[in-house]
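Student: I have a structure open and would like to understand the terms people use for it. Could we go through it together?
Tutor: Gladly; here it is.
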Amino acid sequence: MSGLRILALGLGLGLVQTALAQAAPPLVALLATDPQGNSTQLYFQRAGEKTLAEPVASLQHRTGAAVQGALLPGTRTVLVVADLPAGSDLSFGAALFRLEPGREAVLLADRVYHSTRPLVAQGRVFVQRGRAGPEPSASQAEEGQLRVDQLTIEEIDLATGRARVVHRHQGYLAFLAAALEEELILYRVAYRHADLVAVNTRSGAARVLLASLPSFARDFSLDPQARALLYTQHDARTGRWVVERLQLDTLVREQLASGPSLALAPHWWPGGKLAFNPGLQEGLAVGKLRAPLGRGVDHLRAFSLDGAFAVGLHSVGGQFPLPFALHTASGKPLPLAFPQGRRIEVAGILEGADR
Amino acid sequence: MTGALFFTTALVEAFCPCYTLSSNYNTYSCGVEAVAGTNPTVAEWTDIFALVSRGPSGWGSAGPSARNLTQGCGNPEPARQVPARFPCELLQAIAMVESDWRQFCVPDRPADQVGNPSRTIISFDCGYGVAQVTSGMHQGETPGYDRQRVAAEPTYNLATGARLLADKWAATRCVGDRQPERLEHWYSAVWAYNGLAYLNNPNNPVYSSSRGVYHPAVGGSAPYQEKVFGQVEHPPSPSHWTSVPLAYPNPAEIGGGNAPAALAEPRCASPTDCATSRTVHLSICLQESDGGTDAGPVADSGTPDAGADAGADAGPPEDAGPPPPPDPVILPALGEEVELGKPEGCGCQVEGAAALALLALLCLLRARR
């Protein structure tokens, strides 16, 4: 065999191997919660496989708890925020847990804000915590004031559970919107006021991104390539809900899309496109792709590292949300098995050698 | 085509706390000892709710005093004081959310209460009984009602909860024309019953922007008042109460950084769907007691909201159970032809490379022949 032929053979085999590796459907971390029970199970489910995998870990929590999770990239560890059995005020009644296959769940931190997702950035984990303040007085209530709470953003050591306060805020909400490099983007709400700030996770230094914005912002998504923050906002002039993009370096803000519903759920899409839901029943729109999963709202959760696949939740109000996996190039959904009768949360896509 | 079934032996949690005064785990200084007792039946509870809905004039010595309610917000009725009365549907739903209609239960926590017979349910932060009354129930507090009876008597406990709800009606702003017999007009008061905290603001970004009417069988996170309203629409069974598809205020009207402002007549079909409309509803209990018009949906007698659809009720039919299980796990295929632009992403490039690789191999094999 000539050298040229050997080279061609080697090149061909290499390309085939690369093609096969990159085309492998994603392994998705799913959290399945019994809606009337007190447990959640963790699954690692391969998209495209019809047989449901066995659960790899389990977590006990409050009956009917809100459960959200995030995969620690490059590992098989999932961080979960779930409500603890507690009293009637759920505000700070949740806890951060560490879930790993074959191991008992580990409680890392309590007093976590209800129904929040842990933010994982550069291998580090951050949560919203706090303590409730006193109920507003009659005169304060007359003015429309709500309870003012002591709020913190804290980094939690995954091995020890030790907490380090990164930011403090006194008000209604300090929400972990996104992270970019060593900064956390926080959406903060107080009495008749909201702002966006960036906080350095090492020094705690805060810089103001938006000194004032309408306190309706939600569904934050960071476009890492564009270094821009996407979110839904309400436009009081038109009465419509809009997708805003804030460039984090220049602080230029612009509206990209609008709709009658607040469920726009904007998200960045590989290639610099905007993915969002034009209406409550219109499904995802990306370029010319429309409603790949039918009527409802599609909330994107994660992309594979190569951008080939997207995973998320397909939501029809009042019903169980359905997890989905999409091939980003074609928009075609892949079968994704999940346990029935459970409320599903998508924690991420397992990548790397841990697949 | 379905995935493998997942069987679990996990039991539904009993969750019966009893952080009574004498417990070693009473860290929140609960001030009243639990009292032994057994719960009323569903039928007995229904009678209790009907009684309490009539307010102090109905419950008499079976409950505490309660303030009058301000009725009317000038749209068109001028504000005036009326004896307190409460929609039984809301009382039933609040009690279901708070305690699953339990004044008593067999304690499963804290540890020093396990083994005791059925007694007052007391949460760790001193919520007592069916209405989970916390106000005035801590050590040293002296509220204007009998704390022992709050712990011991289902009717008294529920009436005390109603008294607190009346206080919240007074502490919050108008919804619509502020008519106590209209269930939706209690939206802000129900919010405040769980505390005037931002957690219950429907614009809080922790809540899904696509959440519909809260369904207890599905669960998930929702503001407290949405859980109560959703419970009204989804009773545990028809024998508990009749489903009522309540209307919701527009979240844009509520505001994001404040307690609920004065709100127009709620018209939205869900907390996030204002494109579809619903009408407000009269409480069947209060209509019977007033001898007034038929209960059920109410045509708006005030100024129509701009842009509101005069549509029929878009809510679901009466629901006595959980939703059907989700569709089979295989998601539907792409339902329409989609023209995409220039292929993007590594996937396409890889597919092209694979084709080239195969071509290279074929050429190689052909050359060897």
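Tutor: This is a predicted model. In it, B:Trp45, B:Ile48, B:Phe49, B:Leu51 and B:Val52 of H1(B) touch B:Pro154, B:Thr155, B:Leu158, B:Ala159 and B:Ala162 of H5(B). By class, the contact of H1(B) with H5(B) holds 9 nonpolar residues, 1 polar and no charged.

Student: Why are H1(B) and H5(B) called oblique to each other?
Tutor: Their axes cross at roughly 40 degrees and come within 10 Å. Angles under 35 degrees would count as roughly parallel, and 65 to 115 as roughly perpendicular. The crossing angle falls in neither range, so H1(B) and H5(B) are oblique. As for the hand, H1(B) and H5(B) cross in the right-handed sense.

Student: What makes H1(B) and H3(B) oblique?
Tutor: Here the axes of H1 (residues 42-53) and H3 (residues 88-99) of chain B cross at roughly 125 degrees, coming within 9 Å. Roughly perpendicular covers 65 to 115 degrees, while roughly antiparallel needs over 145. That leaves H1(B) and H3(B) as oblique, therefore. H1(B) passes H3(B) with a right-handed crossing.

Student: Which residues of H1(B) and H3(B) meet?
Tutor: From H1(B) come B:Phe49, B:Val52 and B:Ser53, and from H3(B) come B:Cys88, B:Leu91, B:Gln92 and B:Ala95. The residues of this contact split into 5 nonpolar, 2 polar and no charged.

Student: What describes the packing of H3(B) against H7(B)?
Tutor: H3(B) and H7 (residues 224-233) of chain B pack at about 115 degrees, and their axes are 8 Å apart. The crossing of H3(B) past H7(B) is right-handed. Among the H3(B) residues in this contact are B:Leu90, B:Ala93 and B:Val97, and the H7(B) side includes B:Tyr224, B:Val228 and B:Phe229. The contact of H3(B) with H7(B) has 9 nonpolar, 1 polar and 3 charged residues.

Student: How do you know that B:Cys16 and B:Cys105 form a disulfide?
Tutor: The sulfur atoms of B:Cys16 and B:Cys105 are 1.8 Å apart, and a disulfide requires a pair within 2.5 Å. The pair therefore meets the cut-off and counts as a disulfide. The link is right-handed, with 85 degrees about the S-S bond. Over all chains, the search finds 5 disulfides.

Student: Why is the pair B:Cys16 and B:Cys105 said to tie parts together?
Tutor: Because B:Cys16 is in the segment before H1 of chain B and B:Cys105 is in strand S3, the pair joins parts 89 residues apart in sequence.

Student: What is unusual about some of the backbone angles?
Tutor: Most residues other than glycine have a negative phi, and most peptide bonds are trans. B:Cys126 has a positive phi of about 75 degrees, though not a glycine; B:Cys126 sits in the loop between S4 and H4 of chain B. B:Asn75 and B:Pro76 are joined by a cis peptide bond, with omega about 5 degrees. Another cis bond joins B:Arg109 and B:Pro110, where omega is about -10 degrees.

Student: How confident is the predictor about chain B?
Tutor: The mean pLDDT of chain B is 82, with 75% of its residues at 70 or more. Over residues 301-355 of chain B, however, pLDDT is below 50. For the complex, the predictor gives an ipTM of 0.93 and a pTM of 0.86.

Notes:
Residues are numbered from 1 along each chain as its sequence is written. Chains are lettered from A and ligands numbered from 1 in the order in which they are written. This is a predicted model: local features need pLDDT of at least 70, side-chain atom pairs count only at pLDDT 80 or more; totals for chains, interfaces and linings use all residues. Side-chain values use heavy atoms; hydrogens and water are left out. Axes are lines fitted to C-alpha atoms, for helices over the stretch in contact, and angles run from 0 to 180 degrees between N-to-C directions. Helices (H or I, at least four residues) and strands (E, at least two) are DSSP runs, numbered from the N terminus. A crossing is left-handed if the near helix is turned anticlockwise from the far one by less than a right angle, and right-handed if clockwise. Contact means heavy atoms within 4.5 Å. Ala, Val, Leu, Ile, Met, Phe, Trp, Tyr, Cys and Pro count as nonpolar, Asp, Glu, Lys and Arg as charged, and the others, Gly among them, as polar. pLDDT is the predictor's confidence in each residue, from 0 to 100.
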